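Subject: Structure handover

Hello,

Here is the structure I said I would pass on. My notes on it follow below.

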Amino acid sequence: MLEEKLKVLPSLPGVYLFKDEKGKVIYVGKAIILKNRVRSYFSSHHIDSPKTQALVKNICDLEYIVTDSEVEALILESNLIKKHKPKYNIRLTDDKHYPYLRVTMQEAYPRIEIVRSNKKDGARYFGPYTNSGAVHETLKLLKKVFPIRSCKQASFEKQERPCLNAYIKRCSAPCQGWISKEDYRKMIDEVLLFLEGRQESLAKSLHVRMVKASENLDFEKAAKFRDQLIAIKRIIEKQKIVSEGFEDIDIINYARGAQKACVQVFFVRGGKVSGRDHFMLEIYEEIEGKDLLVAFIKQYYSRAEFIPHDILIPDEIEYKDIYTDNYVDVDVAEYNSEDENRDKDEYKYEYEEKEIIEKWLGEKRGGKVVLKVPRRGHKKELLELAAKNAEESLRQEIKTREQQKKVSDEALKEIAKYLNLADLPCRMECYDISNIQGEEAVASMVVFENGRPSSGQYRRFKINTVEGPDDFASMAEVIRRRLMKARAGDTRFLPLPDLVVIDGGKGQLASSRKVMKELGYDYIVTVGLAKENEWLFREGNPEPIILPRDSQGLYLMQRIRDEAHRFAITYHRLLRGKRNLSSVLDDIYGLGAKRKAALLQHFQLSLKKISQASLEELQEVKGLGKTAALQVWNFFHTGDDV
């Protein structure tokens, strides 16, 4: 089947996905000409590469998606890598967890908040940042310098008095009309200058406004600008001058380990280093520096809010001819066409990688972007400094990982010892039930692998067959459903665990074991963890298993139990909130299921946002209509229906 697909590949740009025998995507790549690029992996010359050998021997199937251009292929490639997390692609580690600073520009009076995802919602995003502590410090400083509102209401119509922040001059109180919309927007523009790293421009603006206020004898306002100016200048003084040309530059360098790499980015704004950050990447062996740089640039700038004109890198993104060990020459006319195994289009593809990336970055920026390799001067020195920082960050990461592994191994060994297990419980699953008087009963399943949380394998369940608060029957239902899905071959519930931890005592344990025996899975070791004394119970043993209070094994058991409890509670609250919100909306005359769904989606399941929305904001809800919007507004603001 693979051979047949190789024969019919089109001579068009696109993205290809290699899959293993289980149908899992193990590599995603892009091509200007799919036919040439994909076939090259199986050529006698290309397969000599060790890294290609490791990939090709696991390829059992392929898919491809045709695009209109090579830039579109590059964007699609980045999205698919993030979605599938292929084994043989270089990818940012845990990039979805990196925080952003979000400025809600779509609101009349924008706010600043920390979020974990970047959405196309009209807001401005800055980041991602790997240091969450630094993000919180930045937000704290911004709120100290600029009196931005912290409240989340969409409308101020019902606000009778200002908040405490307004009294201590940490909020400009737009709810009370203490600041006009125009002046508030000017303040937000200054915040954006700060977040873009343009503190010099912001300082000049503040100085002009301070002098003007002083000349107008408005000394209180002048003092406010003075304080802001002092805070900004303190930041500027800490910044290292790189260029007198007031340039905006990103400087990128890296350090490599066996399976990890660290990329350090210095942000130069207005000719000064305004910040830096580092990112960890998962790599496979035999990876080249240029491949690492290309992978990082594509993944990082696909989410970055600001892209400078110049991006400095340590190596040229020049590709070797895939059929020889010599670097290809720039001039395609000098291409050696005597070797029948070579293809000019494939040759051209290899060389144009830099050009495609610059074109894509330029489209995102709305202006030209150039990838440069500095050879001398301050920029070269700063590039070397970035490399040193990357090496140090990588060293610290490896040291931390080794320490974590040591602690996890100790914990697993202790658990195996006290439970008399032949092997370490490398995969542990913990289950918990959450309900209030039997209402909205849910269960959670959390997974720890090698002593560490594997959040991508967490699962949650609604209890379907149990009425009332019966934790024993609920636990039996969940264990049955989990094992039946595994038996049916559902990959979301494979592999089976080495150890099952039930949050509860002997009753929950007994109901779980009964189901396991019935389905033939009683060989899976199962324990109940009683919260009162933190004791473990096993079936057939009336005496508790007591782990030492200061043991790593007990700490691990407590962690997985607490994580299962947190995950269950979160799901329970979500369902309870949906139910309560839905029940309130049911009381609004003329509001059907589709319109309720549209309201909930538009206002992010928040009854508070719906109740505080203005009539104009309600009319913006797709599918609601003017009459229904008026019904909703009247319900929350007058208590009457029309």
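The expected span of a helix is 1.5 Å times one less than its number of residues. Helix α7 has 15 residues, so it should span 21 Å, and its end C-alpha atoms are indeed 21 Å apart. Please bear in mind that this is a predicted model.

The sheet. Strands β6, β5 and β7 form an open sheet in that order, with antiparallel pairing. The edges are taken by β6 (112-115) and β7 (124-126); each has a single partner strand, so one side of each has no neighbour in the sheet. On average, neighbouring strands here are turned by 30 degrees against each other, direction ignored. Between β5 (residues 100-103) and β7 there are three bridges, and the two strands run antiparallel. Valine 103 has arginine 124 in β7 as its bridge partner.

The helix. Residues 181-195 make up α7, which lies across β5, β6 and β7 and runs at about 160 degrees to β5. Its buried residues are Tyr184, Met187, Ile188, Glu190, Val191, Leu192, Phe194 and Leu195.

One residue in detail. Tyrosine 184 sits in helix α7. Its relative accessibility is 0%, so tyrosine 184 counts as buried, the cut-off being under 20%. Leaving out residues up to four places away in sequence, tyrosine 184 touches Tyr109, Pro110, Pro147, Ile148, Arg149, Ser172, Pro174 and Ile179. As for isoleucine 148, it is 36 residues from tyrosine 184 in sequence, and the C-alpha atoms of the two are 8.3 Å apart.

Regards

Notes: Residues are numbered from 1 along each chain as its sequence is written. This is a predicted model: local features need pLDDT of at least 70, side-chain atom pairs count only at pLDDT 80 or more; totals for chains, interfaces and linings use all residues. Side-chain values use heavy atoms; hydrogens and water are left out. Two strands pair if DSSP finds at least two bridges between them. Helices (H or I, at least four residues) and strands (E, at least two) are DSSP runs, numbered from the N terminus. Axes are lines fitted to C-alpha atoms, for helices over the stretch in contact, and angles run from 0 to 180 degrees between N-to-C directions. Contact means heavy atoms within 4.5 Å. Buried means under 20% relative accessible area, exposed over 50%, partly exposed in between (1.4 Å probe, protein chains only).
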